[in-house]
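Thanks, everyone, for making the time this morning. I would like to walk through the aromatic side chains first and then turn to a patch of charge on the surface.

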Amino acid sequence: MTEFMPAVASDMPRLMTIVAEAQAYLKRSGVDQWQDGYPESGKLLSDIESGRLYKAVCDGESVGFCALFFGDAEPTYENIYDGAWRSEESYCTIHRMAVSARFRGTGAARFMFSQAEKLCRERALSYIRVDTHQDNIAMQTLLMSMGYEKCGIIFIESGAKRIAFDKLL
């Protein structure tokens with residue numbers, strides 16, 4: 001990966017292809033995540049318009065994306081069960097991360113996490129929160145390998161259970 005930058009509206013066709021590839025991968029992996037049409041194009045377009053959607057680029061091609069919420073409190077993180085967040089300071093939330101099928105296993109997700117951490121430091125944030133599906137072992141493994149720690153369980157807006165992680169930078 002060579003670049004990490006805000007996505008723009010003209011990226012939408014490529015981003016939606018990446019979403020479809022991620023949905024298919026999760027389904028093949030037996031993970032009941034993103035199987036209900038999420039994230040829909042309107043959600044990603046809203047992320048773009050608010051300056052929150054970032055893309056990883058390799059040789060001019062978008063290979064992955066994630067939404068970064070700098071300093072905004074995530075409502076679904078207010079209640080955490082079977083554990084606790086390690087800090088109450090202002091944080092960045094990482095949502096909606098996906099990598100193109102062709103770039104899966106190349107370090108693209110690791111690159112996006114490291115770039116998100118860099119952007120946090122530039123904004124004087126030293127704390128990140130993220131969540132993932134309990135069956136998404138690949139994401140959990142990546143998070144733990146990058147120094148994120150399991151904190152407990154949260155429930156997203158749909159009522160679905162997610163494993164919560166955080167990292168102190």
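Which residues form one aromatic cluster here? In this model, which I should stress is a predicted one, the cluster is made up of Phe4, Tyr54, Phe70 and Phe111.

Stepping back for a moment, the structure holds 9 aromatic pairs, and one of them brings together Phe4 and Phe111, whose ring centres are 6.2 Å apart and whose planes stand at 85 degrees, so the pair is classed as edge-to-face, the cut-off for that class being over 60 degrees. What this pair links are distant parts of the chain, since Phe4 sits in strand β1, residues 3-6, while Phe111 belongs to helix α3, residues 108-122, with the two positions 107 residues apart in numbering. Phe4 and Phe111 are both buried.

A further pair joins Tyr77 and Trp85, and here the geometry is tilted, with 4.9 Å from centre to centre and 45 degrees between the planes. Tyr77 has a relative accessibility of 2% and therefore counts as buried, and Trp85, at 9%, likewise counts as buried.

Let me now move to the surface, where Asp32, Asp36, Glu40 and Asp135 form a negative patch. Of these residues I will single out Asp36, which lies in the loop between α1, residues 12-28, and α2, residues 41-49. Is Asp36 buried or exposed? Its relative accessibility is 66%, and because the cut-off for exposed is over 50%, Asp36 counts as exposed.

Note on methods: Residues are numbered from 1 along each chain as its sequence is written. This is a predicted model: local features need pLDDT of at least 70, side-chain atom pairs count only at pLDDT 80 or more; totals for chains, interfaces and linings use all residues. Side-chain values use heavy atoms; hydrogens and water are left out. Patches are made of residues with over 30% relative accessible area and no salt bridge: like charges are joined within 9 Å, nonpolar side chains (Val, Leu, Ile, Met, Phe, Trp, Tyr) within 5 Å. Accessible areas come from the Shrake-Rupley method with a 1.4 Å probe; for residues, only the protein chains shown count as cover. A salt bridge is a side-chain nitrogen of Lys or Arg within 4 Å of a carboxyl oxygen of Asp or Glu. Lys and Arg count as positive and Asp and Glu as negative; His and the chain ends are not counted. The place of a charge is taken as NZ of Lys, CZ of Arg, CG of Asp or CD of Glu. Helices (H or I, at least four residues) and strands (E, at least two) are DSSP runs, numbered from the N terminus. Buried means under 20% relative accessible area, exposed over 50%, partly exposed in between (1.4 Å probe, protein chains only). Rings of Phe, Tyr and Trp (its six-membered ring) pair if their centres lie within 6.5 Å; planes under 30 degrees apart count as stacked, over 60 as edge-to-face and the rest as tilted.
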